[in-house]
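Here are my notes on this one, as numbered points. Have the model open while you read, since I go from strand to strand.

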Amino acid sequence: MKPIPMIDLKREYQYMKEGIDAAIAACLNHQRWIRGPEVAELEERMARYLGVEHCVGVASGTDALVVALRAIAMRTKGKEYFDPADEIITTPFTFVATGEAVLRAGATPVFVDIDPRTGNIDPRAIRAYLDENPSRAVGIIPVHLYGQACDMEAIMTLARERGLFVLEDCAQALGGEWSGKKLAGLGDAGALSFFPSKNLGCYGDGGMIAADDGEVAEVARALSQHGGKDKYRAELVGYNSRLDTLQAAVLLAKLSYLEEMLERRRKIAALYDQGLQDIEGITLLSHTEGGLPTYNQYTILVEEGRRNELAEHLWERGIATAIYYPVPLHRMEAFRGRAKVHGELAHSERACAQVLSLPVDPLLEPGEVERITTAVREWASGKSQ
Ligand SMILES: *Cc1c(COP(=O)(O)O)cnc(C)c1O
């Protein structure tokens with residue numbers, strides 16, 4: 001039987017080949033590899049798509065987080081970096097880049113627990129931390145994990161009440177919405193990733209910062225090109241973190257398909273929701289009311305201790321799975337002594353032990369999805385033994 005990988009980029013390329021080939025050929029002809037015309041065009045189209053004033057292309061989603069944080073530090077403190085006394089509240093149940101960016105911007109990450117129903121940061125945990133530790137927090141980084149919106153109403157209300165900035169980690173959530181508004185445009189800034197497996201992936205690394213505030217965007221742009229308006233007059237300690245022309249060209253070609261691909265992801269997720277209902281040992285994550293998810297991943301919770309067995313069962317039937325994420329950030333060596341932890345973080349730890357992501361390649365055929373749900377049901381009913 002044909003194997004089903006997590007994502008089949010070759011199939012995607014065949015689907016979009018004409019536009020991508022033409023976009024790359026245009027670059028080969030103009031040879032403007034650094035900040036070529038495609039970069040500005042993509043920034044403009046993305047700003048329009050997201051409904052924000054400014055977009056700044058950078059070299060990766062991780063850099064988008066670091067550069068956005070440092071631009072916010074300039075805007076709010078007039079300083080290039082945060083201080084370790086500045087606390088930024090985020091979730092430990094995320095990709096390492098979220099917490100790493102906080103440290104690289106000079107601040108201290110504070111990990112608070114998730115809502116076990118959604119996997120996203122729990123606004124009640126943020127409030128509890130703030131009540132116990134008034135005045136040290138400067139910002140919040142909600143991560144829209146798997147492409148599912150965090151409760152942005154609760155988070156923005158808290159942020160306004162306490163004078164905190166909000167940087168949305170939208171690496172998995174491009175195209176998602178909260179209350180009819182695109183994610184990345186709700187907080188003070190949003191960070192996007194164009195890593196190949198994200199909702200809009202390029203052919204290497206790439207990222208983008210979205211912001212309404214002109215000063216944040218301007219500082220971010222300067223930081224991304226060695227800290228100055230031009231690279232021979234540096235005013236800040238910057239980076240060489242530009243989005244490549246070639247990547248922007250590929251992204252422009254693929255952007256035309258983004259909404260179609262998100263719709264396909266949602267249809268596949270609906271098939272999973274239906275096909276995986278009421279299975280013993282399996283719990284489905286719930287949707288955040290008010291959010292329109294993008295399903296960068298479709299993730300289920302498997303009864304503790306049985307996850308490997310299910311993954312193996314599927315693997316033997318040619319079906320790939322992945323674990324996002326096996327280790328919470330507060331358990332990683334890199335954060336030891338550098339991050340603060342609020343409470344036990346028991347929900348985050350349990351999620352790390354239970355999550356299993358199933359293939360949600362937008363070009364999966366309904367028959368392939370059915371093969372996967374059937375295989376999961378077969379496992380649950382013990383037919384595999
Ligand atoms: C992928 C990802 C990032 C980092 O993006 P890169 O482009 O790989 O640097 C940050 N946060 C989350 C939640 C991600 O999934």
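1. A definition before anything else: a crossover counts as right-handed if, with the strands pointing away from the viewer, the path from the first strand over the helix to the second runs clockwise. By that rule β4, helix α6 (residues 152-162) and β5 form a right-handed β-α-β unit. Keep in mind that this is a predicted model.

2. Now the bigger sheet. In what order do the eight strands of the open sheet come? Reading across, the order is β1-β9-β8-β5-β4-β2-β3-β13, and the pairing is mixed. The edges are taken by β1 (54-58) and β13 (340-341); each has a single partner strand, so one side of each has no neighbour in the sheet.

3. Start with β4 (residues 137-141). Four of its five residues are buried, so the strand is largely enclosed by the rest of the structure. With strand β2 (residues 87-90), β4 pairs in the parallel sense over four bridges, and Gly-139 of β4 is the bridge partner of Ile-88. On to β5 (residues 165-169): that strand runs parallel to β4 and is joined to β4 by two bridges. Gly-139 turns up here too, standing opposite Phe-165 in β5.

4. Toward the β1 edge, look at β9 (207-211). Five of the five residues of β9 are buried, so this strand is largely enclosed by the rest of the structure. Which residues of β9 lie on one side and which on the other? Gly-207, Ile-209 and Ala-211 are on one side, Met-208 and Ala-210 on the other, and both faces are covered. β9 runs antiparallel to β1, with five bridges joining the two; Gly-57 stands opposite Met-208. β8 and β9 are also antiparallel and joined by five bridges, and here Gly-190 has Ala-210 as its bridge partner.

5. At the other edge, strand β3 (residues 108-111) and β13 run parallel, joined by two bridges. In that pairing Phe-111 stands opposite Val-341 of β13.

6. Thr-90 is worth a click. This residue lies in strand β2, and at 0% relative accessibility Thr-90 counts as buried. What does Thr-90 touch, leaving out residues up to four places away in sequence? The list is Thr-98, Val-110, Phe-111, Val-112, Ile-121, Ile-141 and Val-143. Phe-111 is the residue paired opposite Val-341 in point 5, while Thr-98 belongs to α4 and comes back in point 8.

7. Two helices to place against the eight-strand sheet. α3 lies across β1, β2, β4, β5, β8 (189-193) and β9, running at about 170 degrees to β5. Helix α5 (residues 123-132) lies across β2, β3, β4 and β13, with an angle of about 155 degrees to β2.

8. α3 (residues 61-77) also meets helix α4 (residues 96-104): their axes come within 9 Å and cross at roughly 35 degrees. The crossing of α3 and α4 is right-handed. From α3 the contact uses Thr-62, Leu-65, Val-66 and Leu-69; from α4 it uses Ala-97, Thr-98, Glu-100, Ala-101, Val-102 and Arg-104. Sorted by class, that makes six nonpolar, two polar and two charged residues. The spacing along a helix is worth recalling here: an α-helix has 3.6 residues a turn, so residues three or four places apart point the same way.

9. Then there is a three-strand open sheet, ordered β10-β12-β14 with antiparallel pairing. Its edge strands are β10 (282-284) and β14 (355-358), each pairing on one side only. On average, neighbouring strands in this sheet are turned by 40 degrees against each other, direction ignored. β10 and strand β12 (residues 298-302) pair antiparallel over three bridges, and Leu-284 stands opposite Ile-300 in β12.

10. Last, helix α11 (residues 346-354) lies across β12 and β14, at about 50 degrees to β14. Which residues of α11 are buried? They are Ser-348, Ala-351, Cys-352 and Gln-354. The buried residues of α11 pack against β12, α10 (307-316) and β14.

Notes
Residues are numbered from 1 along each chain as its sequence is written. This is a predicted model: local features need pLDDT of at least 70, side-chain atom pairs count only at pLDDT 80 or more; totals for chains, interfaces and linings use all residues. Side-chain values use heavy atoms; hydrogens and water are left out. Axes are lines fitted to C-alpha atoms, for helices over the stretch in contact, and angles run from 0 to 180 degrees between N-to-C directions. A crossing is left-handed if the near helix is turned anticlockwise from the far one by less than a right angle, and right-handed if clockwise. Contact means heavy atoms within 4.5 Å. Ala, Val, Leu, Ile, Met, Phe, Trp, Tyr, Cys and Pro count as nonpolar, Asp, Glu, Lys and Arg as charged, and the others, Gly among them, as polar. Buried means under 20% relative accessible area, exposed over 50%, partly exposed in between (1.4 Å probe, protein chains only). Two strands pair if DSSP finds at least two bridges between them.
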